Amino acid sequence: MTTDHAAGTALLLDEVGPRPRRQTRPVMVGRVQVGGGAPVSVQSMCTTDTADVDTTVAQIHRLEAAGCEIIRVSCLNEPQARAIAAIKRRISIPVVADIHFEHRHALMAVDGGVDCIRLNPGTVKDTRKIREVVQACKAANVPIRIGVNEGSLPPLSGDEEMPEGLTAGLAGEWLVRRMVRAGLEEIKLLEQEGFYDIKISLKAFDVYAMIEANRRMAALIPYPLHLGVTEAGTPKPGSIRSAIGIGALLMEGIGDTIRTSLSGDPVEEVETCYEILRATNIRQRGPTLVACPSCGRAQIDLIGLANTVQERLKGMDKQLKIAVMGCVVNGPGEARDADIGIAGGGKGKGVIFKHGQIFRTLDEGDMLQVLMEEIEKL
Ligand code: SF4
């Protein structure tokens, strides 16, 4: 390669390097800073009846153990709104009250010490009532997330009806414009009240619309963005849909806090969020498992071993890279930068390797136990 070629390659690498994170205004949700250079935080939402304080607190404790940093609860009625004070006394992560239709529930939640209010411009539309909530939040130093959702967009002048005969792509573009407009109009209303502790989310099931709406909003406002693909589905397809939407934006430096919306145990939402942050190199929490897909060369039960190791690593907070590989031919080499790994080493045999070097050979039946013991020692 000539010097000129080398210079050209260096230039290219500069161009494709990681995008800088978007600069945003910091917003404090209780003790968790969102935006302003803070780590991208992980959120979830309780599936319990908020008025059932014991059950809600138990679910929040499970979510907190999984790494949830901000929790949202529904405020469907007065008993739910009133329960927030009791819930707050028994948990340590900040609570967001999810408000729809009845603005008085937001006022009750603020009285109960809630850390953030989520307002949906499509379900609380009366500007007088919105201003009342904003003034209560301002007096109590409580931020507001403007939660725009594809499924509950407010009527907007001029473009209420989707034009007939739009193809999927054009329908996505129509949705993008409506979501961005709905968000901007609500931001304007809050700013008119002298209120700037704002986060905003623009969620759609359509991944194109979700990505594009957030891109456009990011270019227009200084406020932090909460990312999510709404109603993404059951855990497997929902995780993939969420990873594409949230991951694409994170890779562009956009996004300050994330939630995946999965039809399942909310603990899975938190785990999925961390996998997205891990895959995008935004944040690491706990060990990373590298595992090969197995092939005809493997002479051990690689797939069973990898899944068991993944399960055993849950809850561990060590920042390790662990490899589980089917054979020694590619094992140590493919996981050269792993801290520790294991690979099949012939029929019914395995080897432990550290930093790409073989450390110990053993029988397949002992592989799991020895690997976990060695991980503990690290
Ligand atoms: S590490 Fe070995 S068993 Fe696994 S995919 Fe590669 S060649 Fe196949």
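This report walks through the sheets of one chain, the surroundings of its ligand and one loop residue.

**The chain overall**

The model is a predicted one. Its chain has 378 residues, of which 43% count as buried. The secondary structure comes to 12 helices and 15 strands. If you are thinking about contact maps, here is a handy figure: among contacts with a separation of 6 or more, 64% are between residues 24 or more positions apart.

**The eight-stranded sheet**

Let us start with the open sheet of eight strands, whose order is E8-E7-E6-E5-E4-E3-E10-E9 and whose pairing is parallel. The edges are taken by strand E8 (198–203) and strand E9 (226–227); each has a single partner strand, so one side of each is left without a neighbour in the sheet. For E8, the link to strand E7 (residues 144–149) consists of six bridges, and the two strands run parallel. Within that pairing, Asn-149 has Lys-203 in E8 as its bridge partner.

Two helices that pack on this sheet are set out below, with the strands they touch and one angle for each.

| Helix | Strands touched | Angle between directions |
|---|---|---|
| H4 (residues 103–111) | E5 (95–99) and E6 (116–119) | about 165° with E5 |
| H7 (residues 207–220) | E8 and E9 | about 150° with E8 |

As the table shows, helix H7 touches E8 and E9, and these are the two edge strands of the sheet.

**The five-stranded sheet**

Further along comes an open sheet of five strands, E11-E12-E13-E14-E15 in order, and here the pairing is mixed. E11 and strand E15 (357–363) stand at its edges with a single partner strand each, so each has one side without a neighbour in the sheet. On average, neighbouring strands of this sheet are turned by 20° against each other, direction ignored.

Strand E12 is a good place to look closely. Which strands run parallel to E12? One of them is strand E11 (residues 288–291), joined to E12 by four bridges, with Thr-288 opposite Lys-321. Strand E13 (residues 340–344) also runs parallel to E12, and four bridges join the two. Among the partners in that pairing, Ile-322 is bridged to Ile-340 and Val-324 to Ile-342.

Is strand E12 largely enclosed or open? Four of the five residues in E12 (residues 321–325) are buried, so the strand is largely enclosed by the rest of the structure. E12 also belongs to a left-handed β-α-β unit, together with E11 and helix H10 (residues 302–313).

**Around the ligand**

How many residues surround the ligand? There are 13, and the closest are Cys-292, Cys-295, Ala-298, Gly-326 and Cys-327. Sorted by class, this shell holds seven nonpolar, four polar and two charged residues.

**A loop residue: Glu-231**

Our last stop is Glu-231, in the loop between E9 and helix H8 (235–251). Why is Glu-231 classed as partly exposed? Because 16 other C-beta atoms lie within 10 Å, a count that falls between the limits of 12 or fewer for exposed and 20 or more for buried. Leaving aside residues up to four places away in sequence, Glu-231 touches Phe-205 and Ser-261. Glu-231 and Asp-206 are 25 residues apart along the chain, and their C-alpha atoms are separated by 9.9 Å.

Definitions and conventions: Residues are numbered from 1 along each chain as its sequence is written. This is a predicted model: local features need pLDDT of at least 70, side-chain atom pairs count only at pLDDT 80 or more; totals for chains, interfaces and linings use all residues. A residue is near a molecule or strand if its C-beta atom, placed from the backbone, lies within 6 Å of it. Ala, Val, Leu, Ile, Met, Phe, Trp, Tyr, Cys and Pro count as nonpolar, Asp, Glu, Lys and Arg as charged, and the others, Gly among them, as polar. Two strands pair if DSSP finds at least two bridges between them. A crossover is right-handed if, with the strands pointing away from the viewer, the path from the first strand over the helix to the second runs clockwise. Two residues are in contact if their C-beta atoms, placed from the backbone, lie within 7 Å. Axes are lines fitted to C-alpha atoms, for helices over the stretch in contact, and angles run from 0 to 180 degrees between N-to-C directions.
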